[in-house]
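Got your viewer open? Here is a short walk through the strands and rings, with something to select at every stop.

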Amino acid sequence: MWTFVFVCLSISVTGLHADFSVTVSPSVKVKENEGVDLKCSYTADFGSAPRVEWKFKDLKGSQILIYFDNKPTGQYAGRITMYDGGLRFNKVTRADTGDYDCEVSGNTGYGENTIKLTVLVPPSKPVSRIPSSVTTGNNVRLTCFDADGSPPSTYRWYKDNTPLPEDPTKFPSFKNLTYKMNVFNGNLEFPSVSKLDSGSYLCEASNGEGAPQRGDAVHMEVRDLNVGGIVAGVIVALLAVGLLLFGLWFASKKGYLPSKFSLKPKQQAVYTQPRADDMDDGDVSTTHLAQLYK
């Protein structure tokens, strides 16, 4: 009898707590230009006519409402259709990749859940930046980027049509190479490039959708630092400066330069106190006036 009473009490207490939960498929993938359903179901505790809203956050973090007040918003009018248990896109584009929040409220309860939608797009031909000539010992970075692939592409580099391993130290035939490869952002970096790194390079982008795409091959030549050329350049510069100074000196000596550019020392006026016998009626003689500007 006591067991029966305990069970009854347990059932009664449990029934006092409403279960406000929202259920979705957390990850959905679809090819570009196809339709897709984002399903969102919720428990009866929200009531017979709960309020349902949908929000979208793109890959850059911007968030907007796409379904509000029982209708699609702005650009989504005509693109999406709501039904009991979800939302349907008539046709998706790569810009629709992102997170979709299904928010449900009713009977003083609230619940939400997120669906990650990935619109599948094959990679395009990647754009790579490869220098044609570099100097030994410098830090050199080769870059590769595919702007279209969804999900984002990963990258592989080739040298002379041979694929480079991500970690060269694990392969005997590549152990003398010191590059660093980032397969996620497409960078191939040489901290101190050497002549062993000379060759033809190209990158390849792939994301599992469609065929991998390769960029154009570019030959990178690694050259030694031209010390002789640098020394010769310094000597030529010094000779040019010397000739310039000599020309200025010669022109100044011959009086070819204006007085303000002349290298001759300027004469200074010298004043001497006139003597008493040179004074005439208290005036300074013209001879001494002239000495003031001598």
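**Stop one: the six-stranded sheet**

Start by colouring six strands in the order E2-E10-E9-E4-E5-E6: together they make an open sheet with mixed pairing. Strand E2 (27-31) and strand E6 (71-72) are the edges; each has a single partner strand, so one side of each has no neighbour in the sheet. Keep in mind that you are looking at a predicted model.

Now zoom in on E9 (residues 98-106) and E10 (residues 109-120), an antiparallel pair held over nine bridges. To get your bearings there, pick Cys-102, which stands opposite Asn-113 in E10. If you switch on backbone hydrogen bonds, remember that these are what strands of a sheet pair through, in either the parallel or the antiparallel sense.

**Stop two: the four-stranded sheet**

Next, select E11, E13, E17 and E16. In the order E11-E13-E17-E16 they form another open sheet, this one with antiparallel pairing. Which strands stand at its edges? They are E11 (127-129) and E16 (180-181), and because each has a single partner strand, one side of each is left without a neighbour in the sheet.

Inside this sheet, look at E13 (residues 140-145) and E17 (residues 188-190): they run antiparallel, joined by three bridges. Val-140 is a good residue to click on, with Phe-190 in E17 standing opposite. Hold on to Phe-190; we'll be back.

**Stop three: the rings**

Time to show the aromatic side chains. How many aromatic pairs are there? The count comes to seven. Take Phe-56 and Tyr-100: their ring centres are 4.6 Å apart and their planes sit at 25°, which is under 30 degrees, so the pair counts as stacked. This pair links distant parts of the chain, with Phe-56 in strand E4 (residues 51-58) and Tyr-100 in strand E9, 44 residues apart. Are these two buried or exposed? Both Phe-56 and Tyr-100 are buried.

Back to Phe-190, now with Tyr-201: here the centres are 6.0 Å apart and the planes at 80°, so this pair is edge-to-face. Phe-190 belongs to strand E17 and Tyr-201 to strand E18 (residues 199-206), 11 residues apart. Phe-190 and Tyr-201 are both buried.

Add Tyr-76 and Phe-89 to your selection of Phe-56 and Tyr-100, and you have a cluster linked by ring pairs.

**Last stop: a charge over a ring**

Finish at Tyr-158. Over the face of its ring lies Arg-214, at 4.2 Å from the ring centre.

Terms used
Residues numbered from 1 in each chain as written. Predicted model: local features only at pLDDT ≥ 70, side-chain atom pairs only at ≥ 80, totals over all residues. Heavy atoms only, no water. Pairing = 2+ DSSP bridges. Helix = DSSP H or I, 4+ residues; strand = E, 2+ residues; numbered from the N terminus. Phe/Tyr/Trp six-rings, centres within 6.5 Å; stacked < 30°, edge-to-face > 60°. Buried < 20%, exposed > 50% of the residue type's maximum accessible area, 1.4 Å probe, protein only. Lys NZ or Arg CZ within 6 Å of the ring centre and 35° of its normal.
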